[in-house]
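Hi everyone, thanks for making time. Could you pull up the sequence and the structure on your screens, so we can walk through them together?

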Amino acid sequence: MASSLGTAAVSRILASSSSSSDGARLSLRSSSSSSSPSPSILSFSYSLKSLAFSPLSSHFSRHQRRPVVNVSTRASPKCAASDPDQLKSAREDIKELLKSTFCHPILVRLGWHDAGTYNKNIEDWPQRGGANGSLRFEVELKHAANAGLVNALKLIQPIKDKYSGVTYADLFQLASATAIEEAGGPKIPMKYGRVDVSGPNECPEEGRLPDAGPPSPADHLRDVFYRMGLNDKEIVALSGAHTLGRSRPERSGWGKPETKYTKDGPGAPGGQSWTVQWLEFDNSYFKDIKTKRDEDLLVLPTDAVLFEDPSFKVYAEKYAVDQETFFKDYAEAHAELSNLGAKFDPPEGIVLDDAPKQAAPEKFVAAKYSTGKD
């Protein structure tokens, strides 16, 4: 039976880090809380050293070895709207997590993969997929495109346990946007209040997420992203998130085991990155693909096609020389992606960052407006 990693099915997460440059090693042991009515039975041990930290690519080798997760639990109860104060506090905890684990890319990928199952041709919620927290269930976690994301869940589960008034759907998107911003990227105009699905029976079917090496990369990207309601500009802008992260061949089948840019970390060493500074969000992804200047930098078929397809190329060329435009377009596309398929409570959503305060109206003083005449 598929399960949730929710507070109704709590397993103790033990995290220890030998050093900040070595990444965190996580161990999930079978243990249930006496207060939990539906304890989960999980058996898992995994090191962040072997993660493929790519926020966008979803292709994983069919020979990939994945950890065994044994689960037995009932579905978690449906969450209500998220609490704004708890969302703000959770954001601060996510910032601290990023500082200690360098997990920016995998948190971006977590948010994207929860939202990226959206199908604009299906009206009903949650059958339409999208940002609804369904990725927390094993039936969806075991989709090939989501391999390794169980580790992202375990990284942020303590934050979910701490803030029970935050839905999984909101937490995934909060973590993703915060990771972009903390890596030096643009401020994402986010809203919150997403409602969670209540059980694994509400997860979307497999096959809605993009592949990294399809036979016809341009057609494949359009098939996937057009189904979400996104356009060519948004496809290219979102592809720019590959400025973050690395691919590990033992996990994804793509990239080199190590390059001069990844052999010393930060975080766990190894893998092949798309950019030199692969924990810094900027427009170097587009610059490096265009110049093809370094064989130590990864270029997937779905990356290369951005400068080959005539429509994609217009935006890729622009972003390679204009980081400000890239940041603007990326922020808008990321926000749109994060809202896909979501059901908000309240319907208008919750905005965490207050608008700039207007100047207080001038206090009326009668004498100031007197002419001095009787």
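So, how far can we trust this one? It's a predicted model, and the mean pLDDT of the protein is 79, with 72% of its residues reaching 70 or more. Have a look at residues 58-80, though, where the pLDDT is below 50. In the model that stretch has 76 contacts beyond near neighbours in sequence. Then go to residues 355-361, where pLDDT also stays under 50. For those residues the model has zero contacts beyond four places in sequence. Keep one rule in mind here: where pLDDT is low, the predicted coordinates should not be read in detail.

Okay, the overall picture. The protein has 374 residues, and its secondary structure comes to twelve helices and five strands. How much of it is buried? Of those residues, 56% count as buried. The accessible surface comes to about 16,400 Å², and 50% of that belongs to carbon and sulfur atoms. If you take contacts between residues at least 6 apart in sequence, 74% of them join residues at least 24 apart.

Let's go inside. Here's a general idea from your lectures: in soluble globular proteins, nonpolar side chains tend to be buried together. In our model, the largest nonpolar core has 76 residues. Which of them touch the most other members? That would be Leu107, Phe281, Phe286, Leu306 and Tyr330. And the largest share of this core, eight residues, comes from helix H5, which is residues 168-182.

Try clicking on Leu306. Leave out its neighbours within four places in sequence, and Leu306 is in contact with Leu221, Val236, Ser239, Tyr285, Phe286, Phe312, Lys313 and Ala316. Notice Phe286 in that list, which we just met among the core residues that touch the most other members.

There's also a second, separate core, made of five residues, including Trp125, Phe137, Val195 and Cys203. Cys203 is buried, with a relative accessible area of 15%. While we're on cysteines, Cys103 is buried too, at 0%. How many disulfides does a search of the whole structure find? Zero.

Now for the charged side chains. The structure holds 15 salt bridges, and I've picked a few. My favourite is Asp353 with Arg91, where the closest N and O atoms are 3.3 Å apart. What does that pair tie together? Asp353 sits in the segment after helix H12, and Arg91 is in helix H1, so the bridge links parts that are 262 residues apart in sequence. Are the two partners buried or exposed? Asp353 is partly exposed, at 37% relative accessibility, whereas Arg91 is buried, at 13%.

Compare that with Glu96 and Lys99, another salt bridge, with the closest N and O atoms 3.3 Å apart. Both of these residues lie in helix H1, three residues apart, which is about one turn of the helix. Glu96 is partly exposed, with a relative accessible area of 46%, and Lys99 counts as exposed at 54%. The cut-off for exposed is over 50%, so Lys99 gets that label and Glu96 doesn't.

One more: Lys187 and Glu181 meet through their side chains in a salt bridge, at 3.5 Å from N to O. Lys187 is partly exposed, with a relative accessible area of 48%. Salt bridges that share partners join Arg91, Glu181, Lys187 and Asp353 into one network. That brings our Asp353 and Arg91 pair back into the story.

Last stop, some backbone details. Where are the cis peptide bonds? One joins Trp125 and Pro126, with omega about 5°. Pro126 is in the loop between helix H2 and helix H3, and Trp125 is one of the residues from that second core. Another cis bond joins Asp345 and Pro346, again with omega about 5°. Pro346 lies in the segment after H12, which is also where we found Asp353.

And finally, zoom in on Phe102, in the loop between H1 and H2. Its phi is near 55°, a positive value in a residue other than glycine. Phe102 counts as partly exposed, at 22% relative accessibility. The cut-off for buried is under 20%, so Phe102 doesn't make it into that group.

That's my tour, thanks for listening!

Key. Residues are numbered from 1 along each chain as its sequence is written. This is a predicted model: local features need pLDDT of at least 70, side-chain atom pairs count only at pLDDT 80 or more; totals for chains, interfaces and linings use all residues. Side-chain values use heavy atoms; hydrogens and water are left out. A salt bridge is a side-chain nitrogen of Lys or Arg within 4 Å of a carboxyl oxygen of Asp or Glu. Helices (H or I, at least four residues) and strands (E, at least two) are DSSP runs, numbered from the N terminus. Buried means under 20% relative accessible area, exposed over 50%, partly exposed in between (1.4 Å probe, protein chains only). pLDDT is the predictor's confidence in each residue, from 0 to 100. Contact means heavy atoms within 4.5 Å. Accessible areas come from the Shrake-Rupley method with a 1.4 Å probe; for residues, only the protein chains shown count as cover. A nonpolar core is a set of buried Ala, Val, Leu, Ile, Met, Phe, Trp, Tyr and Cys residues joined through side-chain atoms within 4.5 Å. A disulfide is a pair of cysteine sulfur atoms within 2.5 Å.
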